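User: I want to see how the labels on a structure are earned. Please set each value against its cut-off.

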Amino acid sequence: MTETMIYDLLIIGGGPGGYAAAERAGEARLTVALFEQNKLGGVCLNEGCIPSKTLLNSAKLYYQARNSQAFGIKTAATSYDQAQVIKRKNKVVRMLVAGVKQKMKAAGVEIIEAAARISGRDGDLFCLQDACGKKYLGRNLIIATGSVPIIPPVPGLNEALESGFAVTSRGILDLTEIPPHLVVIGAGVIGLEMASYYRTVGSEVTVIELRNQIAGEADPQLSGLLLKDLEQKGIRFLLGAKVTNIGADCVNYEQDGLSQELAADCVLCAAGRRPAISGLGLETLGIELQNGAVRTDAQGRTNVPGVYAVGDVNGSWMLAHAAYREAEVAVSTILGREDEVSYLNCPSVIYTSPEVAWVGLTEAEMEQAGKPYRKVELPFSYSGRYQAETEREASLCKLILDEESMTLAGCQLMGPYASEFIVAVGIMIKQKLTLDKIKAQIFPHPTVAEVIKEAIFML
Ligand code: NAI
């Protein structure tokens with residue numbers, strides 16, 4: 001009889017949360033089994049962050065090729081080959097997935113290509129089973145199953161998803177032809193990035209959003225600026241509008257009490273995501289939920305000692321970079337090291353063109369907390385490099401200073417490279433650097449990030 005192997009750590013899900021946890025735990029010489037039912041890398045690598053950024057970069061190059069006369073570049077006919085873009089995207093994904101596999105191997109992690117289901121306990125150990133009923137036992141368990149798209153209960157939507165007229169964030173990254181008219185449901189992160197992409201490469205795009213602002217919880221000034229910019233680029237936004245029906249080639253919606261119909265060639269459903277928990281067997285261990293997500297504390301611990309949940313499945317920030325950090329903290333906790341996730345310096349980024357990024361608190365949050373603050377707002381044109389590389393576009397650098405501690409409380413950015421240098425502001429916030437200390441920091445010149453330095457001296 002073969003003995004069931006006992007692992008120090010069982011991990012369900014090989015996305016950013018799961019593979020980061022596996023890598024850290026493997027490096028710390030824990031025996032780790034990582035279960036993945038699809039492809040390593042999860043949604044982020046295979047059908048989310050990386051594919052969308054690959055597509056967006058092609059669109060950016062296309063835009064530049066067609067709009068570079070002011071920079072002294074004259075191009076003859078420029079065309080866009082979506083099939084080639086998708087091919088390249090698939091190559092990038094393959095390379096990165098292979099990279100994750102390599103990392104797992106280097107960390108001594110055992111990858112089990114199967115769907116795992118929690119089946120309770122065996123004494124002090126947690127028990128998982130694959131579809132064939134094979135048992136795996138572990139001293140600790142990390143749930144990192146991610147999230148799935150929310151499909152709102154709109155009549156006709158399920159049929160449209162089946163027929164291919166409607167797609168989710170997965171399908172939209174694999175269209176080999178540019179739809180003449182794309183209708184996007186939801187002006188959140190996915191809706192905006194894909195609207196920006198398809199508009200740049202030639203689609204007419206209409207975005208239907210329930211709320212009266214785009215970009216979810218973003219600072220209203222930032223989301224207003226982005227809205228204006230995207231509208232100028234030709235994206236049509238229907239705000240405060242509700243999709244009421246999806247037909248065979250049209251979308252019906254209601255706005256200001258009026259029912260309207262829009263002809264469409266493709267519909268993207270980007271109405272949010274929810275934790276992937278169904279069929280996992282959470283009830284076999286009595287794992288508690290909160291708003292449909294696995295409830296965790298600042299160490300990623302669930303209510304069951306030894307069981308952790310990291311990434312989208314815990315419903316906290318639903319961002320790959322938050323998942324990485326949550327994974328590290330969960331592994332530290334398993335190893336008995338003190339660690340804690342702080343979201344204070346967790347940046348949010350929307351990779352539209354222009355990029356939008358923010359970190360820390362907004363003005364509204366400072367007001368709500370009754371904290372005295374000061375702010376400064378500058379366009380990126382305060383940076384020499386920005387001027388050198390850009391022909392006037394809308395941009396914003398807003399810094400918020402906590403007047404009590406004289407440290408930065410928040411930052412909102414719109415403009416090129418925002419996604420790359422927001423991390424520096426996150427560090428300033430997290431480390432509670434005072435204005436004087438930040439002023440003493442040397443910024444490389446010329447960089448677009450220097451707009452931060454300019455703003456700091458005006459606070
Ligand atoms: P989201 O929650 O960001 O936005 C969904 C939007 O859809 C909301 O504004 C909501 O009001 C709207 N909506 C919902 N039902 C609707 C309906 N029936 N009609 C009209 N509008 C409706 O969700 P999204 O964009 O799907 O993104 C999912 C997750 O993926 C988010 O948690 C996001 O953070 C993450 N993500 C992050 C990226 C990044 O960091 N750059 C990129 C892509 C996704």
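Analyst: Here are the strands, the cysteines and the ligand contacts of this predicted model.

User: Why is cysteine 132 called exposed?

Analyst: Its relative accessibility is 76%. Exposed means over 50%. Cysteine 132 is therefore exposed.

User: And what makes cysteine 269 buried or exposed?

Analyst: The relative accessible area of cysteine 269 is 3%. Buried means under 20%, so cysteine 269 is buried.

User: How many disulfides does a search of the whole structure find?

Analyst: Zero. A disulfide needs two cysteine sulfur atoms within 2.5 Å.

User: Why does cysteine 132 have no bond to cysteine 127?

Analyst: Cysteine 127 holds the closest cysteine sulfur to that of cysteine 132, at 15 Å. The cut-off is 2.5 Å, so the pair is too far apart for a bond.

User: What about the sulfur of cysteine 269?

Analyst: Its closest cysteine sulfur is in cysteine 266, 11 Å away. Against a limit of 2.5 Å, that is too far, so there is no bond.

User: How do you know that S8 and S15 pair?

Analyst: Pairing takes at least two bridges. Strand S15 (residues 266–269) and S8 share two bridges, in the parallel sense, so they pair. Within this ladder, valine 167 is opposite leucine 268 of S15.

User: Which strands make up the open sheet of five, and in what order?

Analyst: The order is S8-S15-S9-S10-S11, with parallel pairing. Strand S8 (166–167) and strand S11 (236–239) are called edge strands because each pairs on one side only.

User: What lies across strand S9 (181–185) and strand S10 (204–209)?

Analyst: Helix H6 (residues 189–200) does, and it also lies across S11 and S15. Helix H6 runs at about 165° to S10.

User: What makes S12 and S13 a pair?

Analyst: Five bridges join S12 to strand S13 (residues 250–255). At least two are required, so S12 and S13 pair, and they run antiparallel. Alanine 241 has glutamine 255 in S13 as its bridge partner.

User: How do you know that the ligand contact of glutamate 193 is polar?

Analyst: A nitrogen atom of the ligand is 3.0 Å from an N or O atom in the side chain of glutamate 193. A polar contact needs N or O atoms within 3.5 Å, so this pair counts. At isoleucine 190, a polar backbone atom is 2.9 Å from a ligand oxygen atom, so that pair counts as well.

User: How many residues surround the ligand?

Analyst: 19 residues do, with Ile190, Glu193, Glu209, Gly272 and Val349 the closest.

Definitions and conventions. Residues numbered from 1 in each chain as written. Predicted model: local features only at pLDDT ≥ 70, side-chain atom pairs only at ≥ 80, totals over all residues. Heavy atoms only, no water. Helix = DSSP H or I, 4+ residues; strand = E, 2+ residues; numbered from the N terminus. Contact = heavy atoms within 4.5 Å. Axes fitted to C-alpha atoms, helices over the stretch in contact; angles between N-to-C directions. Buried < 20%, exposed > 50% of the residue type's maximum accessible area, 1.4 Å probe, protein only. Near = heavy atom within 4 Å. Polar contact = N/O pair within 3.5 Å; in protein donor to acceptor, adjacent residues only side chain to side chain.
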